[in-house]
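Hi,

Here is the model I promised to pass on. Have a look at it first, and my notes on the ligand site follow below.

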Amino acid sequence: MNIAFFSTKSYDRTYFDPLVQKSPHKITYFEDILTVKTATLAKGFDAVCVFVNNPVDAPLLKEIAGYGVEVVALRSAGFNHVDLEAAKTHGVRIFRVPAYSPEAVAEHTVALILTLNRKTHKAYNRVRENNFSLDGLAGFNLHGKTVGVIGTGTIGTAFCSIMAGFGCEILAFDPNKNSRVKEIGGTYTDLEALFSRADIISLHCPLIPQTRHMINRESIEQMKDNVMIINTSRGALIDTSAVITGLKQKKIGFLGIDVYEQEDNLFFEDLSDEVIQDDEIARLMAFPNVLITGHQAFLTAEALQEITKTTLQNLTDYEKGREVKNEVISD
Ligand code: NAD
């Protein structure tokens, strides 16, 4: 298939170039994000390939369908940025990469926890300046702490396994219980018990209407003082202004986020010469106990390899008229 590849970064080409040469497909790379404004670039292509930061809404789907695009190949697992109804209306098929490396995201989640707790980012800078003082670097043992895991799908379960290895007690919440969590000694509970008992709360559920702003003023009030909240799932699971209040009141002791509600206007770009207009992220960045990464939890060699392989396989299956098992269809 003739594929227009949007939001191209150097690491995309590193993994796609060698594999596409061995495939029946041809890729044209664009650095632009795919929008109604840039949609003319997709003219004459059979498929467009987009990343998770690329909203695929009704006007865009109408536009690309008009240019003859048959498929949107998502280089992501999540598809909450796609209007599936509109895709159906315009006859555009949507494929995704369901589970490219749950361990990549789970391990980054642990990296956020350890950095916030043991302050290795501060120690790194201190030691480079010959400052070997330990003042202000005290952390806490993970061993024996209670970790609340919201969402125990592929990533949440991988995270539970790692934290069980640290000797943590695992409390989980998920409407669909996973037997693997019980096997590693975790316990399912309700959200209220999880909020009130956990020392660390980590979010691994999808962004859907029921989970939007699940971390809000009321849920924060139920939490332990000095709680650590970690979000590597989707930004809008957290009500940012409620979390800022919780941090200012010292109710929340630590916040680690790889995703942010308004990340579309910020993440994946070098804005070091720009004046950031988003006051909430600026406020978050000013706290000493907040660690932000720019949606990089997925970014490992293994995950990029899997994303590449599955994206191309989805398109090959479609082209050959086979069932595409990773197709996303509106209910
Ligand atoms: P998954 O579908 O395997 O698991 C999601 C789990 O959430 C399921 O078990 C589901 O039952 C559960 N769930 C659904 N509604 C819930 C609710 N109301 N409360 C609690 N749990 C609920 O998905 P996954 O592959 O484990 O991914 C989890 C999330 O991680 C994705 O939704 C995505 O947003 C995010 N993600 C982030 C990155 C990153 O780089 N930061 C990369 C990949 C995925």
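**The ligand and its pocket**

The ligand is surrounded by 24 residues (each with a heavy atom within 4 Å of it), and the closest are Thr154, Ile155, Asp174, Asn176 and Thr232. This is a predicted model, in which local features need pLDDT of at least 70 and side-chain atom pairs count only at pLDDT 80 or more, while totals for chains, interfaces and linings use all residues. Residues are numbered from 1 along each chain as its sequence is written, and side-chain values use heavy atoms, with hydrogens and water left out.

By class, that shell holds 11 nonpolar, 10 polar and 3 charged residues (Ala, Val, Leu, Ile, Met, Phe, Trp, Tyr, Cys and Pro count as nonpolar, Asp, Glu, Lys and Arg as charged, and the others, Gly among them, as polar).

As for polar contacts (pairs of N or O atoms within 3.5 Å), a side-chain atom of Asn176 is 2.7 Å from a ligand oxygen. The side chain of Thr154 has an N or O atom 3.0 Å from an oxygen of the ligand, and a polar backbone atom of Ser233 is 3.2 Å from a ligand oxygen. The protein covers 83% of the 860 Å² of accessible area that the ligand has on its own (Shrake-Rupley, 1.4 Å probe).

The ligand takes up the space of the largest pocket (more than half of its atoms lie within 2 Å of the grid points; a pocket is an open set of points on a 1 Å grid over the protein atoms alone, where a 1.4 Å probe fits, with protein on both sides within 12 Å along at least five of seven lines, and lining residues have an atom within 4 Å of a point). Its lining has 45 residues, and Gly78, His204, Cys205, Pro206 and Ser233 lie nearest the centre.

Cheers

Notes
A polar contact is a pair of N or O atoms within 3.5 Å; within protein, one must be able to donate a hydrogen and the other to accept it, and residues adjacent in sequence count only if both atoms are side-chain atoms.
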